[in-house]
Amino acid sequence: MQHSDNGVMHKRIEVLDSVRGFAILGILLLNISSFALPYAAYMNLFYQDSVSFSDVVTWSVLNAFTQGKFLFILTLLFGASLELLRQRGRDWNIPRLLILAVIGLLHGALLWDGDILLAYGIVGLLAWHFINTRQKLFSTAATCYLFGLMMFYLLGLFPLGENNSFWQPTQEDIFHESYWKTYGGLLAIEHRIRQISGAMILVVVQYGWQIVGVMLCGAMLLRNGWLKGKFSRRHYRRLALCLLPAGMVIQCIALSIQYLYPYSYYASWTVRYTITELATPLLALAYIALIYGFWPAIAHWKVTFWLRQVGKMALSSYLLQTLICTTLFYRFELFGQFSRLELMAFIPFIWALNIGFACWWLKHYSQGPMEKLWRSLTAKLAGKV
C-alpha cells in the first residue's frame, strides 16, 4: 500500500512496478556504452576504422532487442503515472514535473549528459495538458510520435559538414572526450552543459514529440485498463505473439541497411534509425504483453520481486546506475578501455547493486530516497506542506 498526500490509501499495481523495474535494469544494457565509450559509439557501429566481430554481434543483438525498447517502456509508464495523478490537478502535477526537470538538469550537468529526466519534466507538461483535456488520446499520440519521427528523418537529410565528431570522431576527438570525462571538474560540467543544450534543441524540434506520443499512449493504455491488467491473459499472450514477429521483421530490415551501407551517415543512421523507431513500439509493447500474459505464473518468482523493488524506486535506481557507472569509468579511468562485449560483464554487477540497494532500502522505508525528496519538494511547492 502507498499513502497519497491527502491521506487516502492506494494499492500499488504490482505488475506495473515489475515492468518499470524490468525497464530500469534493461536500459542499462545500452546506456553502459554511453558511459564507457565515446559518444559516437552509441550512434555509429563503425565510428573507428577497425571493428571486431564481437563488437558487430553485440551491437546487433542490443540494437535489435534493446535500443529504444526499454526507454519506450519507461516513457510509456511515465505517461501512465501522469494519468494516475491526474486527479491531483494542476497545482500538484506542474510543480512535480518542474522539480523532475531540475533534478534532470542537475543530473545531466553534474554527472552524465545522457540524462532523460530533464526531457521528461519539460515534455511532461505538454503531455499532462493533453491528458487532462482530451478524452481520446490515441490519434494525438500517434500524430505526435510520427511527427517526431518525420522530423528526425528530415533533419538527417542535411549533410554533416566539417564538424562530424559525433559520428566519425578523430583520435584527437576521442582523446579530448576521454580527458574531460575522466578529469571532471568545471571542464566536464562545461562540456555536459553544452551537450544538454544541444539535446534540448532536439527535444523541442524533434525528439520531444516522440516522447509526448509515447506518454499519451501510456495514459491511454492505463485509462482503458490495459496497463491495469484488466484484459484476459489470452489477449496479452496473443498480442505478444502478433507484435514480436512484426517488430522483428521491421528491425531486421533496419539492421540489413546498416550492413549494406555501413559507412553512410544517411543510410546507417537516418534511414536505419527511422525504421528502427517504427519497430520499437511493437517490440516494447510485446515485452509488456508477455509479462502481463504470464503474470499469474511469474508473480511470485524471486526475480519478479526484485524487479518490483527496483520499479518502486525507479528514480533512485536510475540515478544509482549513473553514480556506479561514472565512478567506474570516469573516476577509475576505465573509459574507452573495453569493447562492447566486455562491457556486458559489468551488467550483472551493476544490476546486483541496483537490486540489493532497492531491497535493503524498501525493507526500512516506504519509498526510495529520491522519490521521498521529489514528493516532499512537490508538496512544498504546491503549498501542501
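Colleague: What makes α3 and α11 a helix pair in contact here?

Modeller: In this predicted model, the axes of α3 (residues 53-65) and α11 (residues 265-293) come within 8 Å and cross at roughly 60°. Trp59, Asn63, Ala64 and Phe65 of α3 meet Arg272, Thr276, Leu283 and Tyr287 of α11. Contact requires heavy atoms within 4.5 Å.

Colleague: How do the residues of that contact divide by class?

Modeller: Five are nonpolar, two polar and one charged.

Colleague: Where does tyrosine 273 sit, and what does it contact?

Modeller: Tyrosine 273 lies in helix α11. Setting aside neighbours within four places in sequence, tyrosine 273 touches Gln67 and Phe152. The C-alpha atoms of tyrosine 273 and methionine 43 are 9.3 Å apart, with their positions 230 residues apart along the chain.

Colleague: Why is tyrosine 273 called buried?

Modeller: Its relative accessible area is 14%. Buried means under 20%. Tyrosine 273 is therefore buried.

Colleague: Turn to α14. Why are α14 and α16 called oblique?

Modeller: The axes of α14 (residues 314-331) and α16 (residues 347-364) come within 10 Å and cross at roughly 140°. Roughly antiparallel needs an angle over 145 degrees, and roughly perpendicular runs from 65 to 115. The crossing of α14 and α16 fits neither, so the pair is oblique.

Colleague: What is the handedness of that crossing, and which residues make the contact?

Modeller: The α14 and α16 crossing is right-handed. From α14 come Ser317, Leu320, Gln321, Ile324, Cys325 and Leu328. From α16 come Phe349, Ile350, Leu353, Asn354 and Phe357. Eight of the contact residues are nonpolar, three are polar and none is charged.

Colleague: What makes α14 oblique to α17?

Modeller: The axes of α14 and α17 (residues 369-381) come within 6 Å and cross at roughly 120°. The perpendicular range ends at 115 degrees, and antiparallel starts over 145. The angle falls between those limits, so α14 is oblique to α17.

Colleague: Which residues meet there, and what is the handedness?

Modeller: Ala314, Leu315, Ser316 and Leu319 of α14 meet Pro369, Met370, Glu371 and Trp374 of α17. Six of these residues are nonpolar, one is polar and one is charged. The crossing of α14 and α17 is right-handed.

Colleague: What is notable about the phi of glutamate 333, and where is this residue?

Modeller: Glutamate 333 has a positive phi of about 55°, although it is not a glycine. Most residues other than glycine have a negative phi. Glutamate 333 is in the loop between α14 and α15 (340-343).

Colleague: Is glutamate 333 buried or exposed, and how do you know?

Modeller: Its relative accessible area is 56%. Exposed means over 50%. So glutamate 333 is exposed.

Colleague: How many disulfides does the structure hold?

Modeller: Zero, by a search of the whole structure.

Colleague: How do you know that cysteine 144 and cysteine 359 are not in one?

Modeller: A disulfide needs two cysteine sulfur atoms within 2.5 Å. For cysteine 144, the closest cysteine sulfur belongs to cysteine 217, 12 Å away. For cysteine 359, the closest is in cysteine 325, at 19 Å. Both distances are too far for a bond.

Colleague: Why are cysteine 144 and cysteine 359 called buried?

Modeller: The cut-off is under 20% relative accessible area. Cysteine 144 has 7%. Cysteine 359 has 18%. Each value is under the cut-off, so both cysteines count as buried.

Conventions
Residues are numbered from 1 along each chain as its sequence is written. This is a predicted model: local features need pLDDT of at least 70, side-chain atom pairs count only at pLDDT 80 or more; totals for chains, interfaces and linings use all residues. Side-chain values use heavy atoms; hydrogens and water are left out. Buried means under 20% relative accessible area, exposed over 50%, partly exposed in between (1.4 Å probe, protein chains only). Axes are lines fitted to C-alpha atoms, for helices over the stretch in contact, and angles run from 0 to 180 degrees between N-to-C directions. Helices (H or I, at least four residues) and strands (E, at least two) are DSSP runs, numbered from the N terminus. Angles under 35 degrees count as roughly parallel, over 145 as roughly antiparallel, 65 to 115 as roughly perpendicular and the rest as oblique. A crossing is left-handed if the near helix is turned anticlockwise from the far one by less than a right angle, and right-handed if clockwise. Ala, Val, Leu, Ile, Met, Phe, Trp, Tyr, Cys and Pro count as nonpolar, Asp, Glu, Lys and Arg as charged, and the others, Gly among them, as polar.
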